[in-house]
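Please work through the exercises below with the sequence and the structure open side by side, and try each task before reading its solution.

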Amino acid sequence: RMAFLDHLTRGRAILGIGPSNLVTDKKLFQIPPDRAHDMMTESVDIIVRLLESDDPFDYEGRFWSFREMRLQLRSYQQPRLPLAIATSGSKKGLELAGKYGMILMSMAGKNLGSNLPHAEQWPIVEAAAARSGAQTSRDNWRIATNVYVAETREEAWADVEEGIMRETEYFWKIGVRPQYEEYPGQPYSEVTARSAADRRRWIVGTPDDAIAAIERMQEETGGFGGLMLTTHEWAGTDKLRRSLEL
């Protein structure tokens with residue numbers, strides 16, 4: 001399906017992968033959390049081989065096995081369509097990105113648990129790419145966050161404060177609490193829109209505030225290829241469009 005989409009769009013398709021950060025997703029598909037990353041890793045190996053191989057091949061893995069499989073139609077982009085992976089900074093995810101030369105999408109938020117800080121992420125990707133002979137570049141690195149700007153900081157916060165709290169409550173309830181907690185076990189009553197934005201490193205303010213935040217991220221990371229904007233509909237359509245224009 002993705003190879004076909006790549007042809008329909010004449011080479012504008014990107015296949016995004018991830019083990020899922022949401023506990024509810026894993027429950028829905030009945031995937032034990034401790035198996036999700038290993039399943040993703042094996043599936044990526046299969047997907048890449050299918051996209052790159054002209055000839056049928058056999059596969060015997062931990063989760064999948066098959067005989068004489070190939071794609072009816074290889075991707076429009078050659079040697080294959082690009083892959084992208086989202087990561088919170090786990091070493092396994094970074095190594096996978098490097099092994100296959102993926103576009104890496106790192107969350108801008110503050111480091112959680114054993115996840116690596118931004119300054120240490122790209123060297124892991126480069127080392128993995130060198131081991132596998134894959135091509136990679138910092139141009140393929142995206143830092144993902146939400147950005148909302150207005151003429152003044154006061155106006156920006158007035159526009160989005162209610163929307164941020166609505167979103168925060170939703171993610172808190174479905175099990176993504178650590179991304180918003182300032183300390184383990186923090187009650188939700190202590191969470192504010194500004195504390196959530198600080199933890200997630202969302203950019204709310206003026207265009208100059210956004211420029212300063214991006215420059216800080218560039219300095220902290222050693223340089224990345226693009227800022228990836230996530231969209232959460234914190235405000236009405238007209239205000240969101242104005243924010244993008246600014």
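The exercises that follow concern a predicted model, and each task is followed by a worked solution.

**Exercise 1. The chain as a whole**

Task: State how many helices and strands the protein chain has, what its C-alpha trace spans, and what percentage of its residues count as buried.

Solution: Begin with the elements, of which the protein chain has nine helices and nine strands. Next, take the C-alpha trace along its principal axes, where the span is about 60 × 40 × 35 Å. Finally, turn to accessibility: 40% of the 246 residues count as buried.

**Exercise 2. The open sheet**

Task: Give the order of the strands in the five-stranded sheet, and explain which strands stand at the edges.

Solution: Reading across the sheet, the order is β1-β4-β5-β6-β9, and the pairing is parallel. The strands β1 (15-17) and β9 (226-229) each have a single partner strand, so one side of each is left without a neighbour in the sheet, and these two stand at the edges. From one strand to the next the twist averages 30°.

To look at one pairing in detail, take β6 (residues 141-145), which is joined to β9 by four bridges, the two strands running parallel. Within this pairing, T145 stands opposite L229 in β9. Helix α8 (residues 207-221) packs on the sheet and touches both β6 and β9, with its direction making about 135° with that of β6.

**Exercise 3. The two faces of helix α8**

Task: Decide where the buried residues of α8 lie around its axis, and name the exposed residues on the face turned away from them.

Solution: First check the length of the helix: α8 has 15 residues and reaches 21 Å from its first C-alpha to its last, close to the 21 Å expected at 1.5 Å a residue. Then list its buried residues, which are D209, A210, A213, M217 and T221. Seen down the axis of α8, these fall within an arc of 100°, so they line one face of the helix. The face turned away from that buried side carries the exposed residues D208, E215 and E219.

As a last step, ask what the buried residues pack against; the partners are α5, β6, β7, α6 (153-173), β8 (203-205) and β9. Just after α8, G222 takes a positive phi of about 90°.

**Exercise 4. The same analysis for helix α5**

Task: Find which residues of α5 are buried, and state what they pack against.

Solution: The 15 residues of α5 should span 21 Å at 1.5 Å a residue, and its end C-alpha atoms are 23 Å apart, which agrees. The buried residues of α5 are H118, Q121, W122, V125, A128 and A129. Because these cover an arc of only 125° around the axis, they are on the same side of α5. On the face turned away from the buried side, α5 carries the exposed residues A130 and R131.

The packing partners of the buried residues are β4, α4, β5 (103-107), β6 and α8. Just after α5, G133 takes a positive phi of about 80°.

**Exercise 5. The nonpolar cores**

Task: Identify the residues of the largest nonpolar core that touch the most other members, and say which element gives the most to this core.

Solution: The largest nonpolar core has 30 residues, of which I17, V44, L83, I85, L96, M102 and L104 touch the most other members. Two or more residues come from each of β1, α3 (33-52), β4 (83-87), α4 (91-99), α5 (118-132), β6, β7 (147-149) and α8. Among these, α3 gives the most, with four residues.

For a closer view, follow V44, which, leaving aside its neighbours within four places in sequence, is in contact with I17, L83, L96, Y100 and M102. Apart from the largest core lies another, of 16 residues, including A150, A196, A197 and V204.

**Exercise 6. A hairpin**

Task: Describe how β2 is joined to β3, and which residues of β2 are on its covered face.

Solution: A hairpin of four residues joins β2 (residues 57-60) to β3. The two strands run antiparallel, with three bridges between β2 and β3 (residues 65-69), and the bridge partner of Y59 in β3 is F66.

In a regular strand the side chains alternate between the two faces of the sheet. In β2, F57 and Y59 form the covered face, whereas D58 and E60 form the uncovered one.

Note on methods:
Residues numbered from 1 in each chain as written. Predicted model: local features only at pLDDT ≥ 70, side-chain atom pairs only at ≥ 80, totals over all residues. Heavy atoms only, no water. Pairing = 2+ DSSP bridges. Axes fitted to C-alpha atoms, helices over the stretch in contact; angles between N-to-C directions. Contact = heavy atoms within 4.5 Å. Core = buried A, V, L, I, M, F, W, Y, C linked by side-chain atoms within 4.5 Å. Buried < 20%, exposed > 50% of the residue type's maximum accessible area, 1.4 Å probe, protein only. Expected span 1.5 Å × (residues − 1). Arc of directions from axis to C-beta.
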